Amino acid sequence: MIKKVAILGSGGVSKAMAADLVLKGLEVNMCNARVSVNFKPLLERKEIDLDDRRKDIDGIRNTAKLNKVTTDFEEAVKGVDYIMITVPATAHKLYFDSVMPYLENGQTVFIWPGNFGALLFAKILKEKGIKKDVVLAESDTVPVPSRSLSPCEVKIVCDCIRFWAATLPAKNADKVVNDLKPLYPAAEPAENVMATSLSNPNTSVHPIATLLNAGWIDTLRENFYLYQTGTTYSIAKGIKAVYNEMQNVANAMGVQVLQYPEHTFWERSTIMGAYYKAPFDSESAVASASGPPSMKDRYISEDVPYGMVPIVLIGRQFDVPTPIMDAVINIASVINETDYWQEGRSLEELGIAGLSRDELLKVAENGF
């Protein structure tokens, strides 16, 4: 049973997960790498106001009192059962390096969502010579879809009804899922960490839909709604094409990815709404999410280099063509004047460059 957790990060998901777990009876520490403008009020107050829309469309409001709020990683993770890393993939290395010296035997490090994070964590552990009896875990998505309202206030917009969890070594997946079930009943075990990283819906949806709406985003900024007004039939066809390419890469590896009912590709919320529910009109609960306000938003700056690029590179390793994803990466690089091929998560960085299918699956099952 999970009793004590550390949440690393302070964004919307971090605050939503922290507040939710406190209200479920857990002792929660929260740690951010620095005292940012948005983290300082939380550091001082040590409380989060949660507006929970999972059971009531008007929201159920509660205040969660955190056990610790700090920038000291050693203080944050000492004695906890689970370390939840809930930062964008752009910050993975910073947080991985910061927490590794303080890992304790028996802990589980969970990366929400993975974006190949478990593989990267395992490789860095090996390179640093850190030998701890820890389980690495990751998911394909987050269990608390949320929006930050202020430094000390967050809204959970709907309920996740299905997500995958995988572990390194893969044999620990059932145990981790059993740990999570009392907190997140939607958890299901995935075969390995390649399955979770390839199944992140953000990769299929965000980059291509954002690019095809570039004109509207530049014009409307904060008033743009990708799902509500930006997902048309034409754009949905692009999303389906990206998903199909991703599935072809997975098939070449012999890995199963999360499947979606066909009709969900043609809804306003696309596949994002497939495994979320709300008290009323789940489609609108997802589709009403605002953003992205800029072409440099995480929908591009995170989901292209850390989600799409490694999938395309794996595809090349196994001679799987990915012309749509190639085009998305190239156009996104032009628009943002950033070489996402170079900035992206490389196979060398993940330790899987040049591996055969069997060798890659062995790493995904057992680590390095």
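**Note on the predicted model: strands, helices and core**

1. Strand S7 (residues 108-111) and strand S8 pair in the parallel sense, and four bridges join them. The model described here is a predicted one. Within this pairing, isoleucine 111 has glutamate 138 of S8 as its bridge partner. Helix H5 (residues 117-128) belongs to the same part of the chain: S7, H5 and S8 together make a right-handed β-α-β unit.

2. Is strand S8 enclosed by the rest of the structure or open? Five of the five residues of S8 (residues 135-139) are buried, so the strand is largely enclosed by the rest of the structure. The cover extends to both faces of S8. Val135, Ala137 and Ser139 are buried on one side, and Leu136 and Glu138 are buried on the other. Glutamate 138, the bridge partner of isoleucine 111, is thus among the buried residues of S8.

3. S8 also pairs with strand S12 (residues 163-168), here in the antiparallel sense and over four bridges. Two partnerships locate this pairing in the sequence: serine 139 has alanine 165 of S12 as its bridge partner, and leucine 136 has leucine 168 of S12. S8 therefore has S7 as a parallel partner and S12 as an antiparallel one, while being largely enclosed by the rest of the structure.

4. S12 is likewise covered. Six of the six residues of this strand are buried, so S12 is largely enclosed by the rest of the structure. Phe163, Ala165 and Thr167 point one way from the strand, whereas Trp164, Ala166 and Leu168 point the other way, and all of these are buried.

5. Which strand pairs with S12 in the parallel sense? Strand S13 (residues 187-189) does, over three bridges. Tryptophan 164 has glutamate 188 of S13 as its bridge partner. The connection from S12 to S13 passes through helix H6 (residues 173-180), and this β-α-β crossover is right-handed.

6. A further group of strands is centred on strand S3 (residues 47-52) in this account. S3 runs antiparallel to strand S4 (residues 60-65), to which six bridges join it; in this pairing aspartate 49 has threonine 63 as its bridge partner. S3 also pairs with strand S10 (residues 153-156), in the parallel sense and over four bridges. There, aspartate 51 has lysine 155 of S10 as its bridge partner.

7. Aspartate 20 deserves a separate remark. The residue is found in helix H1 (residues 12-23). Its relative accessibility is 3%, and aspartate 20 therefore counts as buried, the cut-off being under 20%. Leaving aside neighbours within four places in sequence, aspartate 20 is in contact with Leu50, Arg54, Val144, Ile156 and Tyr184.

8. Helix H8 (residues 201-211) is mostly covered, with 11 of its 11 residues buried. Polar and nonpolar names both appear among them, including Asn202, His206, Val205 and Leu211. Which helices are included in what covers the buried residues of H8? Among them are helix H9 (214-220), H10, helix H12 (298-301), helix H13 (303-317) and helix H14 (323-335).

9. The largest nonpolar core has 133 residues. Leu8, Phe121 and Leu180 have the most contacts inside this core. Helix H10 (residues 233-253) supplies the largest share of the core, eight residues. In soluble globular proteins, nonpolar side chains tend to be buried together.

10. Which residues does phenylalanine 121 touch, not counting residues up to four places away in sequence? They are Ile85, Phe96, Val99, Met100, Leu103, Val109, Ile111 and Leu136. Among these, Leu136 is also a buried residue of S8, and Ile111 is the residue whose bridge partner is glutamate 138.

11. As to the whole protein, its secondary structure comes to 17 helices and 14 strands. The radius of gyration is 19 Å, close to the 21 Å that the globule rule gives for 368 residues, so the protein is as compact as a globular protein of that length. Along the principal axes, the C-alpha trace spans about 50 × 50 × 35 Å.

12. Of the 368 residues, 58% count as buried. The accessible surface comes to about 15,000 Å², and carbon and sulfur atoms account for 49% of it. Among contacts between residues at least 6 apart in sequence, 74% join residues at least 24 apart.

Key. Residues numbered from 1 in each chain as written. Predicted model: local features only at pLDDT ≥ 70, side-chain atom pairs only at ≥ 80, totals over all residues. Heavy atoms only, no water. Buried < 20%, exposed > 50% of the residue type's maximum accessible area, 1.4 Å probe, protein only. Pairing = 2+ DSSP bridges. Right-handed = clockwise from strand over helix to strand, strands pointing away. Core = buried A, V, L, I, M, F, W, Y, C linked by side-chain atoms within 4.5 Å. Contact = heavy atoms within 4.5 Å. Rg over C-alpha atoms; globule rule 2.2 N^0.38 Å. Areas by Shrake-Rupley, 256 points an atom, 1.4 Å probe, with all protein chains shown as cover.
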